[in-house]
There are 2 protein chains.
Amino acid sequence: MSKKALDYAQGNRESALDELKSILRIPSISTLPEHAPDMSAAANWIIDRLDPLGFQGRAIDAGGPPVVYGDWLGAGAGAPVILVYGHYDVQPVDPLELWVSDPFEPEVRGNNLFARGASDMKGQIIAHLKAVEALKETTGIPVNIKYLIEGEEEIGSTHLGEFLRANEDLLACDFCLNVDSGVIGPETPSLTYAIRGMAYFEIRLEGPPGDLHSGIFGGAIVNPANVLAALIGEMHDDQGRVTLPGFYDDVLSLSDQERSDLASLPQSDEWWSEQSGARFLGGEQGYSATERATARPTLDVNGLLSGFTGKGGKTVLPSKAMAKISTRLVPDQDPHQVHESLRAFMEKNAPLGVSWEVDMLAAAVASIIDRDSVEARAAAEALEAVWGLPARYKREGGTVPVVGMIEEMLDVKTLMLGFGLPDDNLHAPNEKFHLPNFHRGIDTFIHFMTSLAA
Amino acid sequence: MSKKALDYAQGNRESALDELKSILRIPSISTLPEHAPDMSAAANWIIDRLDPLGFQGRAIDAGGPPVVYGDWLGAGAGAPVILVYGHYDVQPVDPLELWVSDPFEPEVRGNNLFARGASDMKGQIIAHLKAVEALKETTGIPVNIKYLIEGEEEIGSTHLGEFLRANEDLLACDFCLNVDSGVIGPETPSLTYAIRGMAYFEIRLEGPPGDLHSGIFGGAIVNPANVLAALIGEMHDDQGRVTLPGFYDDVLSLSDQERSDLASLPQSDEWWSEQSGARFLGGEQGYSATERATARPTLDVNGLLSGFTGKGGKTVLPSKAMAKISTRLVPDQDPHQVHESLRAFMEKNAPLGVSWEVDMLAAAVASIIDRDSVEARAAAEALEAVWGLPARYKREGGTVPVVGMIEEMLDVKTLMLGFGLPDDNLHAPNEKFHLPNFHRGIDTFIHFMTSLAA
């Protein structure tokens, strides 16, 4: 059914690569103000490609670099509406001296195309556009599509939440397809069906109003640094479980099928040791490293500061102590609920003699899609059709804030489907995109859209 | 018996004050190299006063500023030999703008003499020299005396240990009289019969070889900052007692008499709250604040550092975590034993996945004298004779390293007897010496020496 479109894609690989190279030449670095013109140039580049596809692309001012929006709803009411999310901004390139070739003059070396933004994520945008083009030029686009391509992902999607809220109707869809994603290995097709959320806190304790001499006052007063350490120590039990009240209440437990799928991934405990450099792993008992890092919630100290930290000794009883603590959350935990829980923990456990403040510095919800949903099945079938191997089901330990935003603002789930690789040097020198994956990506999107419509 | 000497002192108060002002004009700041000539000047000033007393003072090179030594053994074998310890160096004066008068131009305002070094501790040295002069000029000096007056106390008595070891015979004595001390209040004569020791540690934990992303690795690896906090938390039990193995084994417990004496000091828990600014006190259960701060051992965090401590959040799993931890020790705890104990604690409790190092940065033994010893009784009687009130028995929470050194090198106990006040602004702007205490100090030393010989 998608044969003609696949043949079209096959016959137009060179021009697809040329198009990718073309957008990669635009240094759309969102964090550097001097690149503002490049932001507009990249947005316009996409709009110029949307128009011939019949999408009526436009740049919408959302407070920062423009949001590119374009839709084609010609598949009619019987076909699903897909919101395709991507971003056209890229990370800075420093240290430039570590790049083998110019980050904004794309260069093919072996099977890879090297350029800033190749994998993260202009390559994924072009792959999807080229899949749409192949369908349009052959059997017709079988689904309704709305493109939402922002220019602020690398700087925290500052204005996206507001934009989503203000454009709820425009963006209404059956699900979001986030193509800012990847597979587990070049020959291992995989589908990320869950990502973790986060709640990041700063805890500040204060004891006596000023630092005191430990000889004179040591023993008489409550030392906030002692207290902070003890409180953090009490945040885990001896099984490595988090003790904040109700922390696990909303945690979706892993099914036997999921555990077996995760166990079959090429991510043994030895792999985690190699990746982290940690000779010994550890954490919540009863779970593998892959489960602990992707499917179980955590609580980690990210920073500690109190008292004297220079060379040698100073006999000070610190007046203050601070910890940065983040929790990685899994479905269906709510970061605001975790905040409440941490406050309840402090309320109950902080002793007289210290005052405390807890600020939540960041919050993002976790997300999971139903592996049996139409879109997830279509994605898995598409991957298998292209790679000739069944897709693996994986979860990601990191957080993709936009997924939570879209779930909250538009009330739809996000399917992550993209073709980057773990070694693509995202955010680092010599970013690359594995070209066989670029072309397989186009084919996968063709299969996916065709299969969705069927 | 000491009436004549007391009368002499009474009649020479003005010249005693002039002598004190004279030495206070020498800016003998040991920590500032540009004051090296002043160090020699201060040493020579004392030597010049020892000679007419018959003491053959001399400056001995010990590697830093000279040590002043002078002895008079004319009281014969039947009389005790007292090693009088003091120091002629003083603290820096900054912030100079906070001084009401020039720190090195002594000024009497009301009952106080203001100058750097007035209370810490040139005033105490002159008081003792003037007591000796009064005895020599009247009834004769009834005891054998060796003066040991160093110039490095304010910078850690760097060369004193070596000097003591090298001059064991020269310094042989029955006990040391350390006049670098004070009383509890202007109208409250008191005797410090015990001081705490210290063992100061730096603990460094290391997990994976580099910082890791908490989204990718959080849950899989052992976070050294989590571990450090938990370990510190485990160092106290829920009664506020230190859990290092054997920590209390050598602790001399407080007798009922001691507890009653400490309870009668004008240092209620309210007083400790006021002094520290801490609204709520806390610590080891079953002891008063005075007991906890002066007669019980402690373990306190002095500093904590790990990971990201700037503004906002960074999702880092720190590779390293560091704590400065000090224990205040009481007789008969041994700092080296505590070091071993901490290492045993770490050995037992640190999990796989972190490596650790413990360095002892400072060690000083605690000290206690027998309140029924001849010298302690003589001191208490002298205080009562001069003030007309019984002396209070108190303990100090701070550490006086030289006391430990002298105990270790010369194998004698130290009696602390001096006349500073808690509000003398030691190490701070507007240091002062309470002049009535200066003169009572001379009288007390006269009584003390006379009584000792009796």
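This short talk walks through a predicted model with chains A and B, going from the overall build of chain A to the contact between the chains and then to some individual helices and residues.

Let me begin with chain A as a whole, whose secondary structure comes to 14 helices and 18 strands. Its radius of gyration is 25 Å, close to the 22 Å that the globule rule gives for 454 residues, so chain A is as compact as a globular protein of that length. If we take the principal axes as our frame, the C-alpha atoms of chain A fill a box of roughly 85 × 50 × 45 Å. Of the 454 residues in this chain, 55% are buried, and among the contacts with a separation of 6 or more, 78% are accounted for by residues 24 or more positions apart.

Now to the place where the two chains meet. Here 68 residues of chain B are in contact with 67 residues of chain A. On the side of chain B that touches chain A, the elements giving two or more residues include helix H7 (224–234), helix H9 (269–276), strand S13 (320–329) and strand S14 (355–364) of chain B. Which element gives the most to this side of chain B? That is strand S11(B), with 9 residues. Sorted by class, the side of chain B that touches chain A has 31 nonpolar, 28 polar and 9 charged residues.

Next, let us turn to helix packing. In general, two packed helices are described by the angle between their axes and the distance between the axes. In chain A, the axes of helix H1 (residues 3–11) and helix H4 (residues 118–137) come within 8 Å and cross at roughly 125°, and H1(A) and H4(A) are therefore oblique to each other. The crossing in which H1(A) passes H4(A) is right-handed. From H1(A) the contact takes A:Ala5, A:Tyr8 and A:Ala9, while H4(A) brings A:Lys130, A:Ala134, A:Leu135 and A:Glu137. By class, this contact has 5 nonpolar residues, 2 charged residues and no polar ones.

In chain B, I would point to helix H2 (residues 13–24) and helix H4 (residues 118–136), which pack at an angle of about 135° with their axes 10 Å apart, and that makes H2(B) oblique to H4(B). Their crossing is right-handed. The residues of H2(B) in this contact are B:Ala16, B:Glu19, B:Leu20, B:Ile23 and B:Leu24, and those of H4(B) are B:Ala118, B:Lys122, B:Gly123, B:Ile126 and B:Lys130. They divide into 6 nonpolar, 1 polar and 3 charged.

H4(B) also deserves a second look for its backbone, since B:Met121 is found in this helix and a cis peptide bond, with omega about -5°, joins B:Asp120 and B:Met121. Another cis peptide bond runs from B:Pro331 to B:Asp332, with omega near 0°, and B:Asp332 is found in the loop between S13 and helix H11 (335–349) of chain B.

Back in chain A, some residues have a positive phi. A:Gln56 has a phi near 50°, a positive value in a residue other than glycine, and lies in the loop between helix H3 (36–50) and strand S1 (58–60). A:Asn430, which is not a glycine either, has a positive phi of about 60°, and its place is in the loop between strand S17 (414–416) and strand S18 (432–434). A:Asp411 takes a positive phi of about 60° just after H13(A), a helix whose buried residues are A:Val402, A:Val403, A:Gly404, A:Met405, A:Ile406 and A:Leu410.

Finally, consider two loop residues of chain A. A:Val183 is found in the loop between strand S7 (175–178) and strand S8 (190–195); is this residue buried or exposed? With 27 other C-beta atoms within 10 Å, A:Val183 is buried. Leaving aside neighbours within four places in sequence, A:Val183 is in contact with A:Thr188, A:Pro189, A:Ser190, A:Phe419 and A:Leu421. A:Gln239, by contrast, sits in the loop between helix H7 (224–234) and helix H8 (256–264) of chain A and is exposed, with 8 other C-beta atoms within 10 Å. Not counting residues up to four places away in sequence, A:Gln239 touches A:Glu284 and A:Gln285.

Key: Residues numbered from 1 in each chain as written. Chains lettered and ligands numbered in written order. Predicted model: local features only at pLDDT ≥ 70, side-chain atom pairs only at ≥ 80, totals over all residues. Axes fitted to C-alpha atoms, helices over the stretch in contact; angles between N-to-C directions. Helix = DSSP H or I, 4+ residues; strand = E, 2+ residues; numbered from the N terminus. Parallel < 35°, antiparallel > 145°, perpendicular 65-115°, else oblique. Left-handed = near helix turned anticlockwise from the far one by under 90°. Contact = placed C-beta atoms within 7 Å. Nonpolar A, V, L, I, M, F, W, Y, C, P; charged D, E, K, R; others polar. Rg over C-alpha atoms; globule rule 2.2 N^0.38 Å. Buried ≥ 20, exposed ≤ 12 C-beta atoms within 10 Å, placed from the backbone.
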